[in-house]
Amino acid sequence: MIEKIIQNCTGSSDDYITGFADMEGLIAGSSLRYGIVIGRQLDNRIVDAIAGGPTLEYLNHYRAMNSELSALIHNIGNQISGMGYTCRIIEPTINDSDITDKYYNTTLRTPVSHKMIATRAGLGWIGKTDLFISKRFGPRLRLVSLLTDYPLPVSGSPVEKSRCGNCDKCVVSCPAGAATGSLWDIHTDRDYFFNPHKCRDKCRELAKTILNSDLSVCGICVSVCPVGKLN
């Protein structure tokens, strides 16, 4: 049933990946055991054009993808809710203007991340600049997810450690110097291998300088990652 709902909502497009994860015991205070995560491939031509920083085309693409994914996950959530189950939507992104929680402002963490659901669903791993690296598209995608008590068919074995190996293209290309080069695994805290504050500050600087925008957006590490890169 759930596979059919998602297939109808995505139109069976090859631009999407979907995973189902068992999140039992991983989210404090949540009784919703299962997670759905959906990834939508970014346009390779637009991502390839990011060299010294974000382009206006990338910014507009980023916004459009977030809007599309938000509508998609709400559609899926409404259909699951209509069957008598509970859903909690995790929006594709958090805008700076929406940040009011003191905990998030201090740590740049959210209670539930798309990346956590995606790794538990077996879709990929976390890279050295804290990107989600999908097996199919690399980091060239946007994610959206939801939690539910609908009994999902878990899609794959959780990925529990990095598969980046010795590659350090994102580390040396990061204009913020935000990554230490260390590898992620489920026992390694993000702050050990990546400084999100440096990343956010540089993203704001680049967006303001290049795009005259107040958003936090860059994309260089997405562009240089060899996983999912076509050329």
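This is a guided tour of a predicted model, stop by stop, with a suggestion of what to select at each one.

**Stop 1: the sheet**

Start by selecting the four strands of the open sheet, which come in the order E1-E2-E6-E3 with antiparallel pairing. Colour E1 (16–22) and E3 (87–90) separately: these two stand at the edges, and each has a single partner strand, so one side of each is left without a neighbour in the sheet. Turn the view to look along the strands and you can follow a twist that averages 20° from one strand to the next.

**Stop 2: strand E6 and its partners**

Now keep E6, residues 141–148, and add E3; four bridges join these antiparallel strands. Two positions help you find the register here: Ile90 stands opposite Ser145 in E6, and Cys87 stands opposite Thr148 in E6. Swap E3 for E2, and you have another antiparallel pairing with E6, joined by eight bridges. In this one, Gly39 is the residue to click, since Gly39 stands opposite Leu143 in E6.

While E6 is selected, show its side chains. Which residues point one way from E6, and which the other way? Leu141, Leu143, Ser145 and Leu147 go one way, while Arg142, Val144, Leu146 and Thr148 go the other, and all are buried. With eight of its eight residues buried, E6 is largely enclosed by the rest of the structure.

**Stop 3: the helices on the sheet**

Bring the sheet back and add helix H1, residues 2–10. H1 packs on the sheet, where it touches E1 and strand E2 (34–41), and its direction makes about 150° with that of E1. Then add helix H3, residues 56–81: H3 lies across E1, E2, E3 and E6, and runs at about 20° to E6.

**Stop 4: rings in pairs, and one under a charge**

Next, show the aromatic side chains. How many aromatic pairs are there? The count comes to two aromatic pairs. For one of them, select Tyr58 and Tyr62: the ring centres are 6.0 Å apart and the planes are at 55°, so this pair is tilted. Both tyrosines sit in helix H3, four residues apart, which is about one turn of the helix. Tyr58 is buried at 4% relative accessibility, and Tyr62 also counts as buried, at 15%.

Now move to Tyr85 and Tyr150. Their ring centres are 5.0 Å apart with the planes at 70°, so the pair is edge-to-face. This pair links distant parts of the chain, 65 residues apart: Tyr85 is in the loop between H3 and E3, and Tyr150 is in the loop between E6 and helix H6 (169–173). Switch on a surface to see how they are covered: Tyr85 counts as partly exposed, at 30% relative accessibility, whereas Tyr150 is buried, at 11%.

One more ring deserves a click before you leave. Select Tyr16 together with Arg40, which lies over the face of Tyr16 at 5.1 Å from the ring centre.

**Stop 5: the nonpolar cores**

Hide the surface and look inside. The largest nonpolar core has 37 residues, and Val37, Ile117, Phe132 and Leu147 are those with the most contacts inside it. To see where the core comes from, colour E1, helix H5 (114–120), E4, E5, E6, H6 and H9, the elements that give two or more residues to this core. E6 gives the most, with three residues.

Centre the view on Ile117. Leaving aside neighbours within four places in sequence, Ile117 is in contact with Ala21, Met23, Gly35, Ile36, Val37, Val112, Ser145 and Leu147. Apart from the largest core lies another, of 17 residues; among them are Ile6, Tyr16, Tyr34 and Val144.

**Stop 6: two positive phi values**

Finish with the backbone. Select Asp130, in the loop between strand E4 (124–126) and strand E5 (132–134). The phi of Asp130 is near 65°, a positive value in a residue other than glycine. Asn212 also has a positive phi, of about 55°, although it is not a glycine; find Asn212 in the loop between helix H8 (196–211) and helix H9 (220–224).

Which of these is buried and which exposed? Asp130 is buried, with a relative accessible area of 15%, whereas Asn212 counts as exposed, at 62%.

Note on methods:
Residues numbered from 1 in each chain as written. Predicted model: local features only at pLDDT ≥ 70, side-chain atom pairs only at ≥ 80, totals over all residues. Heavy atoms only, no water. Pairing = 2+ DSSP bridges. Axes fitted to C-alpha atoms, helices over the stretch in contact; angles between N-to-C directions. Contact = heavy atoms within 4.5 Å. Phe/Tyr/Trp six-rings, centres within 6.5 Å; stacked < 30°, edge-to-face > 60°. Buried < 20%, exposed > 50% of the residue type's maximum accessible area, 1.4 Å probe, protein only. Lys NZ or Arg CZ within 6 Å of the ring centre and 35° of its normal. Core = buried A, V, L, I, M, F, W, Y, C linked by side-chain atoms within 4.5 Å.
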